[in-house]
Amino acid sequence: MSEPIIIVQHLFHTYQSGTISKDALIDINLEIARGSCTAVIGVTGSGKSTLVQHFNGLLRPTKGTVLVDGIDVGAKGVDLRMMRQRVGMLFQFPEGQLFERTIFADVAFGPQRMKLGRHEVRARVMAALETVGLPAHEYGGRSPFDLSGGQRRRVALAGVLAMLPTVLILDEPTVGLDADGRAEFYTYLRRVQDMQGVTIILVSHDMAEVAALADQLFVLHDGRMVLQGTPRSIFTESERLRQCGLVAPPLGELLSVLRTRGLAIPPDVFTLDEAFLWLRDALNVLHISKKE
Ligand code: ADP
């Protein structure tokens with residue numbers, strides 16, 4: 001693995017309001033590889049948003065360190081403005097923050113604040129809108145409010161992409177979208193992944209949805225990291241996932257039930273294709289032994 005872009009060591013976060021305190025993160029340790037896609041999974045209140053807000057300095061550690069691209073985000077004197085350009089964050093329901101008259105102006109807002117030249121801003125806006133499937137020549141002059149919910153969310157994504165972040169964090173990016181809107185959003189996110197080489201961090205309570213995209217999963221429960229690894233390895237832990245209020249995707253769940261019922265399905269059988277191949281071979285063996 002190349003030098004990780006994010007390294008978190010013994011991170012604790014406690015929210016304090018008056019005399020009440022809440023330990024939202026307890027001794028979190030993790031690494032994220034540059035250019036990878038990571039999903040942070042857990043039920044509501046498990047600490048997902050708290051964790052990712054440390055990656056661009058929106059929150060400071062109560063204890064522990066967070067290094068992003070070699071910079072200690074919690075250190076005094078860190079340039080948080082620069083940090084937030086490098087680590088772009090798409091919050092939940094980001095379309096609620098669109099406010100300009102045209103889509104072009106909305107996407108240009110971030111780069112303009114970076115005080116880039118007019119040509120550079122224009123080039124970035126055009127590229128970002130192209131990436132999210134809303135080409136500027138067709139959509140740039142229209143109002144964001146003429147678009148569907150899914151399209152508006154893609155405009156918001158373009159606004160973050162136009163700042164050319166090194167790390168892109170998406171907090172529950174498809175919540176509230178219908179099935180088509182969700183599928184569409186992930187299609188464009190895949191494009192971002194392929195085209196820009198950016199490190200993507202997805203926050204979700206739905207692991208089935210993000211599994212196809214993620215190289216690694218972090219599972220949080222009550223502020224602790226309870227599982228981390230590839231989707232393939234984590235989906236075999238269906239009992240542990242259930243204890244955290246999560247369910248593996250249906251195929252993973254089915255394979256897991258069959259395994260606990262005594263079928264010797266190898267642990268590396270994971271996708272539908274692999275399951276079919278295994279089943280075909282298993283049935284062949286059965287067929288032959290019956291003939292004998
Ligand atoms: P998730 O993103 O997984 O839903 P959060 O990180 O939002 O979880 O919250 C983790 C815990 O911290 C929850 O118990 C939540 O109620 C608490 N929490 C979150 N934000 C605050 C806050 N600003 N003040 C006090 N407690 C908070």
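**Notes on a predicted model**

1. In this predicted model, the count of disulfides comes to 0. A disulfide is counted where two cysteine sulfur atoms lie within 2.5 Å of each other. As for individual cysteines, Cys-37 counts as buried because its relative accessibility is 0%, and Cys-244 also counts as buried, with a relative accessibility of 1%.

2. The ligand is surrounded by Tyr-15, Lys-22, Ala-24 and a run of further residues that includes Gly-45, Gly-47, Lys-48, Ser-49 and Thr-50. Strand S2 (20-32) and helix H1 (48-52) each give at least two residues to this shell, and the largest share, 3 residues, is supplied by H1.

3. Several polar atoms of the protein can be placed beside oxygen atoms of the ligand: a polar side-chain atom of Lys-48 is 2.8 Å from one, a polar side-chain atom of Thr-50 is 2.5 Å from one, and a polar backbone atom of Ser-49 is 2.9 Å from one. Of the 560 Å² of accessible area that the ligand has on its own, the protein covers 61%.

4. Helix H7, which runs over residues 179-196 and has 18 residues, reaches 26 Å from its first C-alpha to its last, close to the 26 Å expected at 1.5 Å a residue. Gly-181, Phe-185, Tyr-186, Tyr-188, Leu-189, Val-192 and Gln-193 are buried in H7; they lie on the same side of the helix because they cover an arc of only 165° around its axis. On the other side of H7, Asp-180, Asp-194 and Met-195 are exposed.

5. Just after H7, Gly-197 adopts a positive phi of about 60°.

Methods
Residues numbered from 1 in each chain as written. Predicted model: local features only at pLDDT ≥ 70, side-chain atom pairs only at ≥ 80, totals over all residues. Heavy atoms only, no water. Helix = DSSP H or I, 4+ residues; strand = E, 2+ residues; numbered from the N terminus. Expected span 1.5 Å × (residues − 1). Buried < 20%, exposed > 50% of the residue type's maximum accessible area, 1.4 Å probe, protein only. Arc of directions from axis to C-beta. Near = heavy atom within 4 Å. Polar contact = N/O pair within 3.5 Å; in protein donor to acceptor, adjacent residues only side chain to side chain. Areas by Shrake-Rupley, 256 points an atom, 1.4 Å probe, with all protein chains shown as cover.
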